[in-house]
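Thank you all for coming. I would like to take a few minutes to walk through one structure with you, and I will put it on the screen now.

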Amino acid sequence: MIEQVAIAFEHKDYQTAAKLLKQLQNESPDNPWVQFYLGRLYEVSQKPQDAEKIYRQLLRDTRNTKIVTLARQGLRRLQEIELEERQRAISQATSEPNNTELGVLVLEPLRNEMKTEASRKFAQIMQLDPYTARLLLPSRGWRLYRTGQVGELKFYGKQLQQAGIPCFWATIAQIQQIQVYQVKYFQESTPQATVVCRNDTNQLGSLTFDWSEITARVVGLLPIFEEVVDRDVRGKLERKTQTQDYAQFCDLHLPGRRCILRFDDNGYEFQQGLEIIPQASQNTIRINWNSLSSWIDQQLPQVKIWSDFTSFADTTLDQTEMLGHIKSYIHLFRREQTNWDPAFHLYSGLVFVKDAN
């Protein structure tokens, strides 16, 4: 009867093949030839997952070299079909003008107990080996996984979300649309807060807002680099760029106004405006900054603090081309440009965009 099944497949008479296989499954369910043709039936019926399961099982369980070869060919056909469908879907996803914009795909953290199943699905969707997939899935903080046309990122992102892998995507244009004001000092705090600040053209002005307008607070450390003279392993003097200190940054998000209020410990004028810190002139910058941060804590007890910038930066700093499209709005004295500055603005901007959606 197996020969009859083979002939039915040769003539593409799948209805007859299905009837014969149904009978054979009752008579010889473990026969590898029956299993192989059942896989073929699933394949031509456009049930690729069922077909793949049978082909892989045959590779594990059968010693018949002919069936092993046919099962491998079946898997190859399934992979080629999947690749063609994927390319077609991506082409369709990027065909609209808005979907060709530069964007980023960000993976969100997963609990360790979910990683085994998630890494298997992640590997399948992104065509990775399971070990690499597990390493890429973050346990704490965000990982910048991919940059490119947002239509393609959206295509992958939706598949990942459907598989239970938390992620999101955004365009660089969305980040660029956010206004940033550099806060110099607080002028008032009640009943509304007023800050004196500079806009992106360095004009000085003030902005008054309700504390309830703030939906997120982003904090991070940016390294300060200095050129130092050191001795190499042979004792010769050499110049090196080293991290000498860190600048403290804090962003307050006002999505209703499409703006960010940006504070930093070198730019905030502690001795001006509202007296938040007694004897500010006698304290170190670090003490003044910590006092200001504690005072902001008291004003915003319910607002989430995003503080995983450093781990996010570790996955972002090598994306020089993409970061080159981002204006950082950070005014630290730099002898050379660094990707740390646009990386912080990207991190804060992604929090802003994600919260707004």
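**Sheet, core, first helix and charged pairs**

Let me begin in the sheet, where L102 has Q149 in β2 as its bridge partner. Please keep in mind throughout that what you see is a predicted model.

The strands β1 and β2 run antiparallel to each other and are paired over six bridges. They belong to an open sheet of three strands, in the order β2-β1-β3, and the pairing is antiparallel. That leaves β2 and β3 as the edge strands, each of which pairs on one side only. If direction is ignored, neighbouring strands of this sheet are turned against each other by 20° on average. Helix α8, residues 150-162, packs on the sheet and touches β1, β2 and β3, and its direction makes about 165° with that of β3.

From the sheet I turn to the nonpolar interior. As a general point, nonpolar side chains in soluble globular proteins tend to be buried together. Here the largest nonpolar core has 36 residues, and the members that touch the most others are W142, L222, F309, M322, L346 and L350. Several elements give two or more residues to this core, including β1, β3, β7, β8 and α11. Which helix gives the most to this core? That is α13, with nine residues.

M322 is a useful place to look more closely, since we have already met some of the elements around this part of the chain. Leaving aside neighbours within four places in sequence, M322 is in contact with L102, V104, L144, T147, I172, T316 and L346. Apart from this core lies another one, of 29 residues, among them Y181, A193, V196 and C197.

Now to the beginning of the chain, and helix α1, which covers residues 2-10 and has I2, V5, A6, A8 and F9 as its buried residues. Why do these residues lie on the same side of α1? They do so because the arc they cover around the axis is only 160°. The buried residues of α1 pack against α2 and α3, while E3 and E10 are exposed on the other side of α1. Just after this helix, K12 takes a positive phi of about 55°.

Let me finish with the charged side chains. Side chains of opposite charge can pair when their charged atoms come close. The structure holds 13 salt bridges, and I have picked out a few of them.

One is between E117 and R120, whose closest N and O atoms are 2.7 Å apart. Both residues lie in helix α6, three residues apart, which is about one turn of the helix. E117 is partly exposed, at a relative accessible area of 40%, and R120 is likewise partly exposed, at 44%.

Another is the salt bridge in which the side chains of R140 and D308 meet, at 2.9 Å from N to O. This pair links distant parts of the chain, 168 residues apart, with R140 in the loop between α7 and β2 and D308 in the loop between β10 and α11. R140 is exposed, with a relative accessible area of 60%.

In the pair of R334 and D341, are the two residues buried or exposed? R334 is buried, with a relative accessible area of 17%, and D341 also counts as buried, at 7%. The closest N and O atoms of this salt bridge are 2.7 Å apart. Lastly, R40, E43 and R77 are linked in a network of salt bridges.

Conventions:
Residues are numbered from 1 along each chain as its sequence is written. This is a predicted model: local features need pLDDT of at least 70, side-chain atom pairs count only at pLDDT 80 or more; totals for chains, interfaces and linings use all residues. Side-chain values use heavy atoms; hydrogens and water are left out. A salt bridge is a side-chain nitrogen of Lys or Arg within 4 Å of a carboxyl oxygen of Asp or Glu. Helices (H or I, at least four residues) and strands (E, at least two) are DSSP runs, numbered from the N terminus. Buried means under 20% relative accessible area, exposed over 50%, partly exposed in between (1.4 Å probe, protein chains only). A nonpolar core is a set of buried Ala, Val, Leu, Ile, Met, Phe, Trp, Tyr and Cys residues joined through side-chain atoms within 4.5 Å. Contact means heavy atoms within 4.5 Å. Two strands pair if DSSP finds at least two bridges between them. Axes are lines fitted to C-alpha atoms, for helices over the stretch in contact, and angles run from 0 to 180 degrees between N-to-C directions. The arc is that of the directions from the helix axis to the C-beta atoms.
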